[in-house]
Amino acid sequence: MVLGIESSCDETGAGIVQDGKLLAHVVASSMDEHARFGGVVPEIAARAHLHAFIPVVRQALDRAGLRASRLDAVSVTTGPGLSGALQVGLAGAKSLAYAAGVPLYGVHHLAGHVAADTLEHGPLPEPCVVLIVSGGHTSLLLVRDLAREPILHLGDTLDDAAGECFDKVARILGLPYPGGPAIDRAAREGNPRAVDFPRPLSRPGDAPYAFSFSGLKTAAARWVEQHRLRGEEPSVADGAAALQEAVADVLTRKALAACRAHEVRTLIVVGGVAANSRVRGLAEQRCAAAGIELRVPPMTLCTDNGAMIAAVGELLVRSGAEPAPLNVSIDPSAPLEYASLTPLPARLAGVA
């Protein structure tokens, strides 16, 4: 019985998992507080986590019909993410683990996204290709045993992540924050072929599994600018649909290529942008044509949540992994190497 805590950005999440089954899942978002700034403000996020932490944990325990004394472990995101936000979650998780007398596990946020799929579809196939696509991360991974083995990066974004591209272009188009859902809604009325946006890093000789969305963002900005210089307003629906099509095309094309190259029969798409309707739809279409199984978590588990952190924690407990030491710290820019992430303060780790 593992309680998971997530606080890396603007969602305070608590989830409880037992034997791979989700018992409770509660999320409090501070997104509305950030919307007027057009993006997440770290200080506001940290304060919101501080206010939401206890109510969210209490709700999760109540929904599972549990007391904290019934827990076997607590797991918490220790990186990557916003420093202040991570500190709030870790401090709260340490207190809970200490009070309940149970071990604490530090978890890599992106490994949580991977594990979210297990709550819907069961254990991960070994091996599988995972496409993580969110506001801050876009990566293609080869995953075997998530709890025990290193995670192989096939390719990562070289600049903007896909979700970051959506957010920035949405702002240019006059759409609200967060940009991903706004782009998705606007695209329903648009023509995806109305604008010939580029497909970055898709030419022969380009890095086959790397991503780059900065140029696509710039192309969209130039398209809007050209219309306005002529005294015209661009079609927001067409721009959104064409942008969404370009992003979905690049993501799914590279993901399928990775599956074929590594002879993997299962593709798992996770992260906030996995909730995008065109990304899901094109992935379904291309996977079906290639005979590859596609697994995507429910939309409620695509965005940041404590359930995914509990899922990783439970895998670590069952694998016999060592708990985090009492002086475990955070690593806001932690690379994804293992699901377990237990960084120490620099002075204790022997780092100047």
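A residue counts as buried under 20% relative accessible area, as exposed over 50%, and as partly exposed in between. The exercises below apply these cut-offs to a predicted model.

**Exercise 1.** Determine how Asp-249 and Arg-253 are placed in helix α9, and classify each by its accessibility.

*Solution.*
Step 1. Arg-253 has a relative accessible area of 43% and is therefore partly exposed.
Step 2. For Asp-249 the relative accessible area is 8%, so this residue is buried.
Step 3. The two residues form a salt bridge whose closest N and O atoms lie 2.7 Å apart.
Step 4. Helix α9 covers residues 236-261, and because Asp-249 and Arg-253 are four residues apart in it, about one helical turn separates them.
Step 5. An α-helix has 3.6 residues a turn, so residues three or four places apart point the same way.

**Exercise 2.** Analyse the salt bridge between Arg-318 and Glu-314 in the manner of Exercise 1.

*Solution.*
Step 1. The side chains of this pair meet at 3.0 Å, N to O.
Step 2. Both belong to helix α12 (residues 306-319); being four residues apart there, they are separated by about one helical turn.
Step 3. Arg-318, at 53% relative accessibility, counts as exposed.
Step 4. Glu-314 is buried, its relative accessible area being 6%.

**Exercise 3.** Which residues are joined into one network by salt bridges that share partners, and where does Asp-160 lie?

*Solution.*
Step 1. The network consists of Asp-160, Glu-164, Lys-168 and Lys-217.
Step 2. Asp-160 is found in the loop between β8 (152-156) and α6 (162-173).
Step 3. With a relative accessible area of 8%, Asp-160 is buried.
Step 4. Leaving aside residues up to four places away in sequence, Asp-160 touches Lys-168, Phe-213, Ser-214 and Lys-217.
Step 5. The side chains of Asp-160 and Lys-217 are also joined by a polar contact of 3.1 Å.

**Exercise 4.** Decide whether Arg-148 and Asp-145 are buried or exposed, and describe the contact between them.

*Solution.*
Step 1. Arg-148 has 52% relative accessibility and so counts as exposed.
Step 2. Asp-145 has a relative accessible area of 15% and is therefore buried.
Step 3. The two form a salt bridge, with the closest N and O atoms 3.0 Å apart.
Step 4. The structure holds 14 salt bridges.

**Exercise 5.** How many residues of helix α4 are buried?

*Solution.*
Step 1. Helix α4 comprises residues 109-116.
Step 2. Eight of its eight residues are buried.
Step 3. Among them are His-109, Leu-110, Gly-112 and Val-114.

Definitions and conventions:
Residues numbered from 1 in each chain as written. Predicted model: local features only at pLDDT ≥ 70, side-chain atom pairs only at ≥ 80, totals over all residues. Heavy atoms only, no water. Buried < 20%, exposed > 50% of the residue type's maximum accessible area, 1.4 Å probe, protein only. Helix = DSSP H or I, 4+ residues; strand = E, 2+ residues; numbered from the N terminus. Salt bridge = Lys/Arg side-chain N within 4 Å of Asp/Glu carboxyl O. Polar contact = N/O pair within 3.5 Å; in protein donor to acceptor, adjacent residues only side chain to side chain. Contact = heavy atoms within 4.5 Å.
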